[in-house]
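Me: I have a model open and want the reasoning behind its labels. Can you take me through it?

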Amino acid sequence: QVQLVESGGGLVQTGGSLRLSCAASGLTFRSAIMGWFRQAPGKERECVAASDWGARSTYYTDSVKGRFTISRDNAKNTVYLQMNSLKPEDTAVYYCATYRGILVRATPGSYDYWGQGTQVTVSA
């Protein structure tokens, strides 16, 4: 019943921007921690950013701090990842994920539901 539908991936040049969207249904959005993960070939899946309901507590992995921003439109049950100043090393499949909780966590095992993934490719 819980469903996460992603959109916004694509191909961009180095220095460009993309905004990923994830529309959630089948869950109580206010109690949901939302996260964005990525997985590149040969690498472990890593948490890029995560947020609680009010964006009072957020997490960003060091490599994206100052470039990526997670935000939520709670009225639309949608979470976004604004990605600016993109680099080739940002190339990966990006996933949104969620779990019911209060504390923001960055480990994949904490998340119970996952989107289908969307490809982000940054060309030099």
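Me: Which residues does Leu-20 touch, leaving out those up to four places away in sequence?

Reply: This is a predicted model. In it, Leu-20 touches Ser-7, Gly-8, Gly-9, Trp-36, Val-79, Tyr-80, Leu-81, Met-83, Tyr-94, Thr-118 and Val-120. Leu-20 sits in strand S3, residues 18-25.

Me: Why is Leu-20 called buried?

Reply: Its relative accessibility is 0%. Buried means under 20%. Therefore Leu-20 counts as buried.

Me: What makes Met-83 a contact of Leu-20?

Reply: Contact means heavy atoms within 4.5 Å. Met-83 is in contact with Leu-20. Other contacts of Met-83 include Phe-68, Tyr-94 and Val-120.

Me: Which residues touch the most other members of the largest nonpolar core?

Reply: Trp-36, Phe-68, Leu-81, Met-83 and Tyr-94 do, in a core of 26 residues. Strands giving two or more residues to this core include S4 (32-39), S8 (78-83) and S9 (92-100). S3 gives the most, with 4 residues. A second, separate core has 7 residues, among them Ile-33, Phe-37, Ala-97 and Tyr-99.

Me: Which residues line the largest pocket?

Reply: Val-2, Leu-27, Thr-28, Ser-31, Ala-32, Thr-98, Tyr-99, Arg-100, Asp-112 and Tyr-113 line it. S9 gives the most to this lining, with 3 residues. The space in the pocket is about 150 Å³.

Me: How does the lining of the largest pocket divide into nonpolar, polar and charged residues?

Reply: The split is 5 nonpolar, 3 polar and 2 charged. Arg and Asp count as charged, and Arg-100 and Asp-112 are both in the lining.

Notes:
Residues are numbered from 1 along each chain as its sequence is written. This is a predicted model: local features need pLDDT of at least 70, side-chain atom pairs count only at pLDDT 80 or more; totals for chains, interfaces and linings use all residues. Side-chain values use heavy atoms; hydrogens and water are left out. Buried means under 20% relative accessible area, exposed over 50%, partly exposed in between (1.4 Å probe, protein chains only). A nonpolar core is a set of buried Ala, Val, Leu, Ile, Met, Phe, Trp, Tyr and Cys residues joined through side-chain atoms within 4.5 Å. On a 1 Å grid over the protein atoms alone, a cavity is a set of points where a 1.4 Å probe fits but cannot get out, and a pocket is an open set with protein on both sides within 12 Å along at least five of seven lines; lining residues have an atom within 4 Å of a point. Grid points are joined across faces, edges and corners, and a volume is the space filled by probe spheres set on the points.
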